Every structure is written in C-alpha cells, then in structure tokens.
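Subject: Structure for your files

Hello,

Here is the structure I said I would pass on. My notes on it follow below.

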Amino acid sequence: MNRLSMAVSGAIARVADSALAPYQTAVLRIGFGLTWLLFLLREYPHRQELYGPDSPWSWDLAAQLVGSNDAFTVLLWSDSQVWFEAVYALAVLFSLLLLLGWRTRTMAALFMVGVLTLQNRSVFMGDGGDNVLHIMAVYLVFTRCGQVWSLDARRARRAEQARARGERTRDRVGPALWAVLGLVLLLGSLAGRTDGDWFIPALLWAVWLGQAVWWLAGCLARTDQPRILLDVVANVVHNGALLVIMAEACLIYATAGWYKVQGSRWQDGTAVHYPLHLEYFSPWPSLAELLTASGTLVMLVTYVTVVVQVAFPFTLFNRRVKNVLLSFMILEHAVIAVVLGLPFFSLAMIAADAVFLPTSFLRRTGRLAARARERLRPRGEAAPVPPRRRPDGAPAGPPAVAPAEAAPVTGRVPGPRT
C-alpha cells in the first residue's frame with residue numbers, strides 16, 4: 001500500500017511540477033504552424049476561389065451553414081473584400097509568429113482563430129489533413145509549447161541574465177498586445193458576433209483573463225506563492241492537453257486501421273494500387289507505374305499499412321517497437337506527400353506523430369541544428385563580455401558583501417508565460 005501511495009504521489013508531483021515533453025510540444029508548434037503557413041502561401045493566388053468572394057461555396061451559403069451548426073468564423077462578420085484580405089493576411093502572420101515562438105500563448109489562440117475562420121468558411125476545401133489541423137489547433141492553446149526552440153525561450157533567458165546582473169527588465173509589448181486583443185474581443189462580443197459558438201469565445205476570454213492574472217501575480221504579489229500556484233495549474237493543463245493530443249493521434253490511426261480491415265480491397269491486398277492510378281492523385285504517373293509494377297510489393301505495402309495502424313496504439317508501452325512503427329509511419333507519410341501529391345496532409349500527420357518522438361533524438365537534432373547555424377554565421381571577433389554589476393547599480397568590482405548576503409532585486413517583472 002505504501003508503494004502504491006508513493007507511486008501515485010510521485011506521479012502527481014511530476015505532473016504538477018513541470019510541463020512534460022517540452023521538445024515534443026515545440027515540434028507540434030513548429031510543425032502545425034509550418035503546415036498552415038505553407039498552405040496559405042501556396043494557395044495565396046487562389047485564395048478568392050477557396051475562401052473569398054469568388055468561392056463556389058458563396059458567402060450566403062456559408063452564412064446559412066454556420067447559422068445551423070454554430071461554427072466559429074470571423075470571415076462571416078463582413079462580406080467586404082478588404083475584410084477578407086485582412087483576415088487572410090493576419091492568418092499568415094499568426095502562423096509565422098507561432099512557428100517562431102513569439103508570444104506563444106497568445107499566438108496559439110490567434111492561430112486557432114485563423115485556422116477555424118478559414119476552414120469553417122468553406123467546409124468542403126481540404127484533403128483530410130485539415131481535420132487534423134483543425135483539432136490540434138484547439139489543443140495547442142492549452143499547451144506550453146514555447147519552452148524551447150522559440151523566441152520566448154530566448155527572451156526568458158535574456159531576462160534572467162539581466163536580473164542576475166541586477167538590471168530591471170520591462171515588458172511593454174506584452175501589455176500592449178493584451179490590451180489591443182482585449183479591446184477587439186470586447187467589441188466583437190458587444191456587437192453580437194460571437195453569439196453562435198460559445199466554446200471558442202469562452203476559450204479566448206479564458207486565455208485573455210489568464211494572461212492578466214499571470215502578469216498581476218508576478219507584479220503585485222509580495223511572495224512567489226501565487227506565481228507558483230499558477231505554474232502548477234499551467235503545468236496540469238499542459239500535461240492534460242498533451243495526453244489528449246497523444247490519445248487523438250492514436251485514435252486517428254486505430255480508426256483508420258480498423259476501417260481498412262473491413263474493406264475488401266484491403267483484405268485482398270490491392271487497395272494501394274487504386275489511388276496511385278487516379279488522375280487526381282497522380283502528379284508523377286511514371287513513378288506510380290514503377291511502384292505498382294510488382295503485385296507482391298503492392299500487397300506487402302497494403303498489409304503492412306493496416307498492421308502498423310492497428311498495432312501502433314498498443315506499442316506505446318514498448319519504446320523500441322514504438323520507434324520502429326513510428327519511423328515507418330513518418331516514412332509512409334513522406335511517400336504519400338510525393339507520390340500522391342498530398343504534402344499538407346502528410347505534414348499535418350508527421351507533426352502529429354512528432355508527439356511520440358524520443359526526447360534524446362529531438363535534443364540531438366536541436367544540437368545539430370545549432371551547430372549548422374553557427375557554421376553559417378560569418379566569423380568575427382567575439383563580442384566583449386560586459387563587466388558584472390552589483391544589484392545596487394554600483395560600478396564593477398568586488399562585491400561589498402557575499403552573494404548570499406546581497407539584497408534581493410526589487411521591481412522584478414515576471415518572465416513570459418510560454
């Protein structure tokens with residue numbers, strides 16, 4: 001009984017003390033932000049036909065559908081061409097900023113708004129990857145996905161170094177951004193534009209109020225206890241969202257696998273042959289002919305695909321087997337992107353798969369990327385290191401008291417919430 005209670009208390013402490021899988025959630029942020037950004041940029045010449053006034057799914061039809069299903073989209077706030085262009089440009093901007101990890105908590109919420117706005121405007125546009133992106137964009141709001149590989153992480157390190165030198169740090173961008181977005185959200189609510197779907201506006205208000213409470217707890221509280229409590233709440237929410245994302249990915253593969261089992265073409269091993277010979281999914285006909293030249297190869301790929309998708313959720317408890325199947329699924333999606341011409345579907349699925357990647361692999365990848373970036377930088381003299389300063393602002397030199405006896409720094413501004 002003591003062992004069980006200790007294990008339970010240890011698990012609770014781990015969930016509450018830290019936001020788990022920081023590298024995996026960073027890859028999720030980068031992957032989904034990159035997928036949506038590339039899609040919007042590629043379809044920019046065709047944006048009018050997809051989501052704008054020239055779409056076959058007209059503004060009136062979209063308004064009728066949204067009126068019946070209460071889907072969230074700000075594109076239906078106005079049928080103006082200027083409004084559409086502004087919303088599309090902002091969706092591109094939010095995707096880029098989320099990819100870079102700038103104000104990730106706010107950008108994750110705005111990224112979700114951009115995804116839902118465009119996808120709910122024309123519900124028949126997409127290839128399956130849009131459904132994954134649609135769901136994951138909502139889950140991403142609950143995660144602390146800017147802990148590593150982000151501009152927020154770099155800003156937090158610089159602020160910590162400045163405080164260690166006794167310098168005061170002020171964040172003027174955060175409060176200004178919070179005030180502007182709060183005003184926009186308030187005007188939209190007062191105008192009745194958010195009366196349909198209650199969940200998304202409620203989530204946006206919760207994020208906005210949460211940012212305010214986070215800031216006030218760091219600025220006005222005399223002790224660190226309120227900030228520690230908020231950290232615990234944020235960690236629990238993050239870890240819960242991470243668990244939901246993993247369950248969602250497993251559900252996608254398990255559902256796809258079990259439905260394939262029931263199909264006659266998957267049972268006789270010929271299912272892979274047919275999409276490769278459809279004109280819509282054959283950007284490289286010669287490559288498709290080469291891959292389907294061997295009936296044995298087609299049969300093996302068909303059966304292995306079904307087995308991997310059905311078995312993957314059951315292999316999460318065995319790290320080695322899970323990594324093997326995960327590698328196969330990522331490779332399979334890469335092949336689908338090239339052979340079937342579905343790059344954004346594949347990018348969305350690979351980004352979802354990244355939540356299961358080993359932390360050691362992601363750390364090595366990050367170190368290799370850092371080394372490559374350093375090699376690309378022009379060589380020059382190292383920047384001089386500034387002299388150390390005492391907290392009281394006195395000139396550099398040996399401290400008058402020991403570090404442990406030095407007065408604490410006052411006027412501390414809380415670091416960013418990522």
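Cysteine 219 is partly exposed, at a relative accessible area of 34%, whereas cysteine 250 is buried at 11%. Buried stands for under 20% relative accessible area, exposed for over 50%, and partly exposed for what lies in between, with a 1.4 Å probe and protein chains only. The structure has zero disulfides, a disulfide being a pair of cysteine sulfur atoms within 2.5 Å.

Before the rest, the conventions. This is a predicted model, in which local features need pLDDT of at least 70 and side-chain atom pairs count only at pLDDT 80 or more, while totals for chains, interfaces and linings use all residues. Residues are numbered from 1 along each chain as its sequence is written, and side-chain values use heavy atoms, with hydrogens and water left out.

Confidence and overall layout: the mean pLDDT of the protein chain is 87, and 90% of its residues reach 70 or more; pLDDT is the predictor's confidence in each residue, from 0 to 100. Over residues 393-413 the pLDDT is below 50, and this stretch has 18 contacts in the model beyond near neighbours in sequence. Contact is used for heavy atoms within 4.5 Å. The chain has 17 helices and zero strands; these are DSSP runs numbered from the N terminus, helices being H or I with at least four residues and strands E with at least two. Of its 418 residues, 39% count as buried. The C-alpha trace spans about 80 × 60 × 55 Å along its principal axes. Among contacts between residues at least 6 apart in sequence, 76% join residues at least 24 apart.

How do H10 and H11 run relative to each other? The axes of H10 and helix H11 (residues 225-261) come within 8 Å and cross at roughly 150 degrees. Axes are lines fitted to C-alpha atoms, for helices over the stretch in contact, and angles run from 0 to 180 degrees between N-to-C directions. H10 and H11 are therefore roughly antiparallel, the class for angles over 145 degrees (under 35 is roughly parallel, 65 to 115 roughly perpendicular, the rest oblique). On the H10 side the contact is made by Val213, Trp214, Ala217 and Gly218, and on the H11 side by Pro226, Arg227, Leu230, Asp231 and Ala234.

Phenylalanine 72 turns up twice. Glycine 196, in the loop between helix H9 (173-190) and helix H10 (199-219), is 124 residues from phenylalanine 72 in sequence but 7.3 Å from it in space, C-alpha to C-alpha. Glycine 196 is partly exposed at 38%. Threonine 117, in helix H6 (residues 104-121), is buried at 1%. Leaving aside neighbours within four places in sequence, threonine 117 contacts Phe72, Thr73, Val74, Leu75 and Val87.

Around the start of H6: arginine 103 lies in the loop between helix H5 (81-100) and H6 and is buried at 12%. Its phi is positive, about 50 degrees, although it is not a glycine. Most residues other than glycine have a negative phi. Alanine 21, in the loop between helix H1 (2-17) and helix H2 (22-42), also has a positive phi, near 55 degrees. Aspartate 152, in helix H8 (residues 151-164), is buried at 1%, and its side chain reaches the backbone nitrogen of threonine 104 at 2.8 Å.

Regards

Notes
Polar contact = N/O pair within 3.5 Å; in protein donor to acceptor, adjacent residues only side chain to side chain.
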